[in-house]
Amino acid sequence: MTPPVATPAAQPDRPTWDLYSTCIHCGLCLQQCPTYRVLGMEMDSPRGRIYQTLLVDAGRLPIGDSYVTHIDRCLDCRACETACPSGVQYGRIVERARAQIEQHYRRPLLARWLRAYFYRRVLMDFRRLARGARLLRFYQRSGMARLLRASGLLKLFGVAKLEALAPRIEDDFFFRQIGEKFPAQGERRARVALLAGCISSVAFAELNRATIRVLQRNGAEVWVPQGQACCGALHAHAGFRDEARALARRNIDAMLDDRFDAIVTNAAGCGSTLKEYGDLLAADLAYAERAHAFEAKVKDVNEFLAELGIRPVSHSLANGGRKDGAPGRAVRVTYQDPCHLAHGQRVRSAPRELLRAAGAELVEMPHSDYCCGSAGVYNVAQNKLSMEILDAKMDDVASVTADVLATANVGCMLQLRAGVAQRGLKMEVKHVIELLDEAYRD
Ligand code: SF4
Ligand code: SF4
């Protein structure tokens with residue numbers, strides 16, 4: 001294959017020959033790709049997408065409707081990276097391909113407006129995000145949501161399924177904890193900075209608080225540094241790389257500090273991007289070195305705790321977590337690997353170790369590392385395909401008997417909860433850290 005016109009190094013957001021030429025077209029990734037499994041089309045496989053991107057970069061295929069459709073359908077789940085024997089960094093290819101789309105393709109007016117509003121305004125500013133979240137909470141709690149659902153209007157306008165996927169906004173946002181410090185319990189074994197997260201701060205604030213408690217319980221002093229921002233994962237995945245870089249710089253300024261042993265997150269999608277700030281800021285002379293130092297400190301909370309070695313729990317899940325000491329049945333847990341933990345960060349054993357250490361009876365479902373179809377805002381933007389992928393996932397979930405479906409990413413939790421509700425399964429969906437928090441409660 002002849003290399004296309006040399007990609008100027010000054011354009012960091014363009015897929016480069018050295019990235020996509022590593023693909024040897026073997027096809028081993030095809031059956032691992034959720035969109036290929038559903039659609040059965042080469043154009044919707046990793047190999048097909050890489051080839052289309054190569055053609056675009058060589059000027060032999062326009063960035064038109066067809067190309068955009070196939071790239072938009074990719075979940076950026078990176079299962080293809082795990083399957084690939086040639087070490088193709090597919091995530092880097094697709095994120096750059098999307099940056100090119102963002103720069104050179106005009107989406108319909110409404111899509112353009114919604115994307116710009118969400119990525120360039122709401123997610124860039126926690127105060128704006130909080131205002132939007134309060135409005136959504138009012139809709140959810142005031143009876144309006146119930147009224148609209150009962151009236152059939154949501155179905156009439158084709159948004160009923162989307163509405164069911166919206167996160168439930170919590171009463172007490174996590175933003176007020178930003179700037180606080182939480183002491184370690186017992187002997188201090190580490191000091192960490194915690195990423196609050198954007199959507200997590202309004203829809204998973206209690207999970208963040210549980211994360212702090214579990215870290216404290218295990219001897220970690222937890223700081224939630226002032227000045228931090230959204231991690232930029234949603235931006236990077238959608239092609240808004242300038243915005244992702246702006247957020248990365250803010251997080252580096254706020255959290256890169258010699259006093260911290262680690263920068264911890266409980267969201268796999270955020271962690272995966274935090275660990276790639278070096279790539280994002282490679283061309284930024286003022287930040288490139290610090291970005292590498294930053295990413296070296298990032299740990300998913302499961303990874304961090306497993307490496308630290310957790311202290312014994314107070315109420316083992318082995319006897320149902322009973323606090324009265326009476327014998328009980330072990331809590332059966334099946335674990336769904338979030339793509340950005342298993343494929344993006346190669347962390348698979350740590351959450352399982354923690355669950356076992358908490359006394360849970362771990363029941364492995366088939367294909368636990370197949371994507372659930374959540375993928376950030378994919379379940380909204382590509383709702384039909386996302387629901388088909390979820391359906392296959394729920395077949396695997398339903399094939400095992402478990403009390404809890406555990407995972408380690410907030411987006412996956414929302415998607416899996418929707419799947420459990422649709423199937424009418426008697427299973428709770430929880431983050432691994434929530435189960436640990438319960439096991440440590442006095
Ligand atoms: S990232 Fe996931 S959806 Fe995209 S091509 Fe790879 S396996 Fe398929
Ligand atoms: S497995 Fe890797 S080398 Fe083989 S086709 Fe897929 S991306 Fe290319």
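The protein chain in this predicted model is built from 25 helices and 9 strands. Its radius of gyration is 22 Å, close to the 22 Å that the globule rule gives for 442 residues, so the chain is as compact as a globular protein of that length. If you look along the principal axes, the C-alpha trace spans about 70 × 55 × 45 Å. Of the 442 residues, 58% count as buried.

With that overall picture in mind, let us step inside. A search of the whole structure turns up 3 cavities of 30 Å³ or more. The largest cavity has a volume of about 120 Å³, and 17 residues line it. Closest to the centre of this cavity are Cys23, Cys29, Ile50, Cys84 and Val88. Two helices take part in the lining: helix H3, residues 46-57, and helix H5, residues 79-83, each supply at least two of its residues. Sorted by class, the lining holds 12 nonpolar residues, 4 polar ones and 1 charged one.

What takes up the space of the largest cavity? It is ligand 2. Around ligand 2 there are 13 residues, and those that come nearest are Cys23, Cys26, Gly27, Cys29 and Cys84. You may recognise some of these names: Cys23, Cys29 and Cys84 were also listed among the residues closest to the centre of the cavity. The shell around ligand 2 divides into 9 nonpolar, 3 polar and 1 charged residue.

Now turn to the other ligand. Which residues surround ligand 1? They are Cys33, Pro34, Pro46, Arg49, Cys74, Leu75, Asp76, Cys77, Arg78, Cys80 and Tyr90. By class, this shell has 8 nonpolar and 3 charged residues, with no polar ones. Arg78, one of the residues around ligand 1, also gives us a path to the next stop. The C-alpha atom of Arg78 is separated by 8.6 Å from that of Gln89, and the two residues are 11 apart along the chain. Gln89 itself is found in the loop between helix H5 and helix H6, the latter covering residues 90-104. Is Gln89 buried, partly exposed or exposed? Its relative accessibility is 35%, so Gln89 counts as partly exposed.

A few other pairs of residues show how the chain folds back on itself in space. Ala392 is a good place to begin, in helix H23, which runs over residues 383-398. Although Ala392 and Arg37 are 355 residues apart along the chain, their C-alpha atoms are separated by 9.9 Å. Ala392 has a relative accessibility of 41%, and therefore counts as partly exposed.

Next comes Ala220, which lies in strand E3, residues 220-223. From C-alpha to C-alpha, Ala220 and Glu187 are 8.8 Å apart in space, while in sequence they are 33 residues apart. Is Ala220 buried or exposed? With a relative accessibility of 0%, Ala220 counts as buried, because the cut-off for buried is under 20%.

Tyr277 can be read in a similar way. Its place is in helix H17, which covers residues 277-280. The C-alpha atoms of Tyr277 and Tyr287 are separated by 9.5 Å, and these two tyrosines are 10 residues apart along the chain. Tyr277 has a relative accessibility of 0%, so it counts as buried.

Our last stops are two loop residues with a backbone feature worth a look. Arg346 lies in the loop between helix H20, residues 339-342, and helix H21, residues 349-357. The phi angle of Arg346 is near 60°, a positive value in a residue other than glycine. Arg346 has 52% relative accessibility and so counts as exposed, because exposed means over 50%.

Ala375 also has a positive phi, of about 50°, although it is not a glycine. You will find Ala375 in the loop between strand E7, residues 361-362, and helix H22, residues 378-381. The relative accessible area of Ala375 is 31%, so this residue is partly exposed.

Methods
Residues numbered from 1 in each chain as written. Chains lettered and ligands numbered in written order. Predicted model: local features only at pLDDT ≥ 70, side-chain atom pairs only at ≥ 80, totals over all residues. Heavy atoms only, no water. Near = heavy atom within 4 Å. 1 Å grid on protein atoms, 1.4 Å probe; cavity = no way out; pocket = protein on both sides within 12 Å on 5 of 7 lines; lining within 4 Å. Sits in = over half its atoms within 2 Å of the grid points. Nonpolar A, V, L, I, M, F, W, Y, C, P; charged D, E, K, R; others polar. Points joined across faces, edges and corners; volume = space filled by probe spheres on them. Helix = DSSP H or I, 4+ residues; strand = E, 2+ residues; numbered from the N terminus. Buried < 20%, exposed > 50% of the residue type's maximum accessible area, 1.4 Å probe, protein only. Rg over C-alpha atoms; globule rule 2.2 N^0.38 Å.
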